[in-house]
Amino acid sequence: MKRGFFKHKNNMKHSYKITGMTCLGCRSQVESTLRNVEGVKDAWVDLEEQKAEIEMEKHIPIEEFQKALKKIPGNYGIKAPGPMVHTYSVSGMTCNGCRSHVEETLNKVEGVEEVKVDLEKAEAEIRMKKHIPLEKFQKALEDDGGKYGIHPPGPVTKKFSVSGMTCNGCRSHVEETLNKVEGVEEAKVDLEKAEAEIRMKKHIPLKKFQKAMEEDGGNYQIHQLGDEVKTENKKPKGGGTGVYYCPMHCEGDKTYDQPGDCPVCGMDLVEEASLTPAATQYTCPMHPEIVEDEPGSCPKCGMELVPMEPESSESKSYKKLLKKFKLAVAFTLPIFIIAMSEMIPDNPLYDVMGMKYWNWVQFALSIPVVFYATWMFFERAYRSIKTWNLNMFTLIGIGAGIAWIFSVFGLVFPGFFPEQFKTEMGTVHVYFEAATVILTLVLLGQVLEARAHSKTNSAIKELLKLAPNKAIKVVNGEEKEVSINEIHSGDILRVKPGDKIPVDGVIEKGNSSIDESMITGEPIPVDKTEGDKVSSGTINGNRSFTMKAEKVGEETLLSQIIKMVNDASRSQAPIQKLADRISGYFVPVVVMISVITFIVWAIFGPEPSYVYALVNAIAVLIIACPCALGLATPMSVMVGVGKGAQNGVLIKNARALEQMDDIDTLIIDKTGTITEGKPKVEKVEVTSEENKEEIIKLIASVNSQSEHPLAKATVDFAREKGLKFSEATDFNAFTGKGVIGMVSDKKVAIGNDKLMQAEDVQITSEIKEKVIAEQEQGKTVSYVAVDSRIVGYLTITDPIKKTSREALKSLMDDGVEVFMFTGDNKKTAKSVAEELGLSGFKAGMLPEDKQNEIKKLQQQGKKVAMAGDGINDAPALAQADIGIAMGTGTDVAIESAEITLVKGDLKSVKKAKTLSKKVMRNIKENLFFALIYNTLGVPIAAGVLFPVFGLLLSPMIAALAMSFSSVSVIANALRLRTTKI
């Protein structure tokens with residue numbers, strides 16, 4: 001047997017040298033003696049090799065075996081066969097650095113000859129001169145900081161990082177998958193920490209868990225703690241996110257990880273749109289079960305594979321409902337014809353068989369409609385009553401259910417009913433046609449609703465279409481077409497003329513004009529050159545370039561836009577609380593009205609009064625539609641948010657969309673919001689005897705050596721004019737003064753009056769007066785001297801954006817007061833405020849000052865919106881009633897705001913306000929329609945028109961009206977798609 005120590009179940013085995021054995025009897029005697037030593041699980045002795053292998057629960061000193069052998073007849077001895085090798089489990093290691101550190105620490109223990117630590121197996125193999133107690137190794141690691149542990153082989157507990165989880169459903173699924181891996185005793189997954197703690201009988205390699213995850217669909221990844229993993233953003237089959245929500249937002253922003261019905265209102269849950277485009281898959285027209293990731297030929301018939309269109313959950317739901325609707329129509333139509341034939345004189349159907357038997361035919365035909373096509377309505381009704389979340393399906397279930405059960409009862413037990421419930425032929429009036437037609441019409445409403453609902457988030461689908469699912473990756477100079485999911489940050493990509501840009505990044509080599517209209521809403525292409533940023537989904541012009549990927553998958557601007565649209569579509573507007581309060585009382589009130597209707601008709605109605613009472617009570621239940629109320633707000637919000645996204649206005653939640661219309665005060669930052677946020681040379685003035693172009697060249701030559709933003713502005717100014725300039729020598733920068741350098745043997749000084757004084761430069765009164773005039777307007781001015789002689793000056797300013805003036809004037813014309821809060825000096829602030837005609841300004845403001853000023857305005861009853869782009873604006877953005885971030889600004893500002901303007905243009909503030917106004921008007925129209933519909937519909941169904949006009953509303957007409965009320969609300973919301981903002 002192999003010498004050494006190794007794991008066997010939870011025990012350890014040691015090999016020893018045995019002396020004194022001469023025959024099989026000796027071998028048996030030694031083996032039996034060793035087995036009887038306390039703590040020994042088993043022992044095997046080999047006579048030929050003079051060896052013993054002993055299995056024990058924990059280490060037993062060799063002296064115990066020697067003592068036992070001395071007690072038996074014979075001269076037997078036992079000793080270690082040389083250096084001992086033990087293997088232990090090690091915990092706490094996460095990387096190769098940990099492995100090296102543990103190895104080094106254990107090697108320092110006295111008596112250790114060699115240590116080998118395996119990171120993957122989490123094991124340490126230790127060769128020692130003689131046995132060293134485990135406690136000694138444990139103490140060594142403890143003294144080293146206690147970060148790592150060493151213990152006998154047996155159950156091992158390890159922690160791993162898990163990526164890809166987004167909800168409790170994911171957590172449960174990962175836990176279940178890990179628990180199924182052979183050898184795992186228990187797996188616990190923490191969603192918040194994104195960690196899995198796994199207790200295993202013995203060490204299980206990480207690859208085994210990774211394989212289990214991959215075989216389960218690859219949506220989740222498991223890896224060592226601390227490892228950075230590039231996720232591939234895999235999505236559930238079907239291209240969706242696997243996150244579902246209720247279109248009526250019954251439980252606010254709550255989401256579900258399985259498709260089904262809302263537990264409150266019973267409506268079909270809707271799948272959230274994916275943040276990334278689905279990769280194109282290919283299938284065989286003859287064998288649809290064949291699905292490949294790449295084009296090619298079918299392995300069965302050899303036909304060319306064709307691209308598959310990704311199918312959304314809404315599309316699947318629509319097809320499923322449509323199939324059920326067709327079946328329901330097929331069975332309901334004959335029932336309707338049989339029932340209506342009673343109105344025909346000398347009904348020909350009665351020549352075939354009597355009414356009694358036709359009633360049985362109706363019953364048979366109604367079974368597929370009730371128990372298959374529309375059974376979901378009864379399930380929802382039962383669940384709503386059980387949980388007391390009463391909704392539309394409660395009313396449908398009770399109404400149609402009573403009609404159908406009454407009919408079956410009348411069919412089976414006709415003698416139970418009084419004469420007024422019976423026809424001339426003695427059969428009980430049955431309402432199979434009413435029940436099935438009602439259910440079929442409600443199903444039609446659900447079909448139309450599913451179709452219409454898919455259009456409400458069409459903006460997201462259109463945005464998804466912008467991103468390509470393929471890209472050209474450059475590897476070692478070779479170009480290769482890859483899936484969008486295979487791109488990682490840092491990859492070099494080739495973008496050809498007319499191609500869509502696959503991910504966010506920067507241009508590495510080349511230049512082009514990019515059409516960014518799909519993200520910014522602006523139709524004019526933007527020129528881009530090396531170092532400029534480009535965004536996923538935008539379209540390249542007529543030149544090819546290479547780019548470096550920076551943000552991929554769900555990190556791209558396009559994906560973030562889609563995420564914001566998704567989140568905002570799910571959020572609940574404050575106005576919806578009104579509809580929710582009404583809906584809470586709606587169903588019980590309708591049921592009460594239905595009962596009262598039955599009683600009134602039964603007492604005061606014409607004969608057969610009970611028949612009238614039953615029919616009208618059912619009509620009341622069927623016509624009432626709480627869904628029209630429930631859908632009024634979320635449908636408009638969803639379409640409005642999508643409309644905003646298409647125009648570069650990203651709305652984080654429905655509250656912002658509602659309240660933006662009420663804003664009467666707008667606070668704006670200066671730098672980056674009103675202005676470009678980048679210094680630019682406004683002008684260069686020179687003395688009469690100097691050549692302006694030559695002076696600009698000298699300025700650029702010296703400043704090209706500086707890293708200062710103002711110096712960069714002068715270099716860019718020279719380049720924009722197409723001027724070529726040389727590099728300066730002997731360059732020196734003087735903090736708070738300026739710069740000096742030598743250009744073509746000329747000493748050039750650029751800076752303030754302090755630098756001019758230091759260089760003995762005499763500034764003429766004419767130039768000094770001009771400079772002071774510029775400075776009083778808040779502009780930065782630098783003198784220029786050549787060989788200690790003043791030659792001119794240059795003015796640098798942060799120019800006002802071209803669109804700011806028009807946008808702010810438009811807002812002020814609408815009655816919005818506009819104030820500028822800036823950290824800049826008073827002169828500059830005053831100059832900008834006067835130029836734009838603002839309502840007021842405050843200068844020299846710190847972040848907390850802006851926040852406090854907004855609080856004061858709010859205390860005065862003002863509804864305040866704040867537009868800013870920097871980290872310093874974040875507190876004020878959070879304090880304002882509505883925070884508006886420039887999309888060109890910092891992530892902190894965008895995170896603090898509720899509305900983001902992708903282009904960073906104040907014109908979009910006007911767009912946001914117009915959008916808010918139109919969405920709120922649309923919501924009010926929907927609420928008005930829903931309330932009027934129910935206010936008029938319920939009394940008519942109850943029969944209030946009968947005494948005057950002799951009119952009654954059939955339950956079937958009531959069902960049709962109820963179905964179309966919800967569809968009408970959605971149709972009205974869809975009008976927002978065509979509105980101009």
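Start with the whole chain in view: among its contacts with a separation of 6 or more, 66% join residues 24 or more positions apart. This is a predicted model, and colouring by secondary structure will bring out 32 helices and 40 strands. Of the 981 residues in the chain, 49% are buried, while the accessible surface comes to about 47300 Å², with 53% of that area belonging to carbon and sulfur atoms.

Next, select helix 4, residues 134–143, and display its side chains. Which residues of helix 4 are buried? They are Leu134, Phe137, Ala140 and Leu141, and they lie on the same side of helix 4 because they cover an arc of only 125 degrees around the axis. An α-helix has 3.6 residues a turn, so residues three or four places apart point the same way. Turning to the face directed away from this buried side, one finds the exposed residues Glu135, Lys139, Glu142 and Asp143. To see what covers the buried residues, add strand 6 (84–91), helix 3 (96–107), strand 7 (112–118), strand 8 (123–128) and strand 9 (149–151), which are included in that cover. Just beyond the helix, stop at Gly145, which follows helix 4 and has a positive phi, near 130 degrees.

Now select residues 102–132 and 174–204, the two stretches to which an unreviewed UniProt entry gives the annotation "coiled-coil region". In the model, residues 102–132 are 19% helix and 42% strand, and the C-alpha atoms at the ends of this stretch are 17 Å apart.

Two loop residues deserve a look at their backbone angles. Most residues other than glycine have a negative phi. Ala194, however, has a positive phi near 55 degrees; look for Ala194 in the loop between strand 11 (184–190) and strand 12 (195–200), where its relative accessibility of 25% makes it partly exposed. Then move to Asp745, another residue that is not a glycine but has a positive phi, of about 65 degrees. Asp745 is found in the loop between strand 32 (738–743) and strand 33 (746–751), and with a relative accessible area of 73% it counts as exposed.

Finally, select helix 16, residues 576–604, and centre on Val595, which is found in this helix. Val595 is partly exposed, at a relative accessible area of 43%. With the surface switched on, add Met592, Ile596, Ile599, Val600, Ile603 and Phe604, which together with Val595 form a nonpolar patch on the surface with about 710 Å² of accessible area.

Key
Residues are numbered from 1 along each chain as its sequence is written. This is a predicted model: local features need pLDDT of at least 70, side-chain atom pairs count only at pLDDT 80 or more; totals for chains, interfaces and linings use all residues. Side-chain values use heavy atoms; hydrogens and water are left out. Patches are made of residues with over 30% relative accessible area and no salt bridge: like charges are joined within 9 Å, nonpolar side chains (Val, Leu, Ile, Met, Phe, Trp, Tyr) within 5 Å. Accessible areas come from the Shrake-Rupley method with a 1.4 Å probe; for residues, only the protein chains shown count as cover. A salt bridge is a side-chain nitrogen of Lys or Arg within 4 Å of a carboxyl oxygen of Asp or Glu. Helices (H or I, at least four residues) and strands (E, at least two) are DSSP runs, numbered from the N terminus. Buried means under 20% relative accessible area, exposed over 50%, partly exposed in between (1.4 Å probe, protein chains only). Contact means heavy atoms within 4.5 Å. The arc is that of the directions from the helix axis to the C-beta atoms. UniProt positions are given in the numbering used here, feature names are shortened, and annotations may be inferred rather than shown by experiment.
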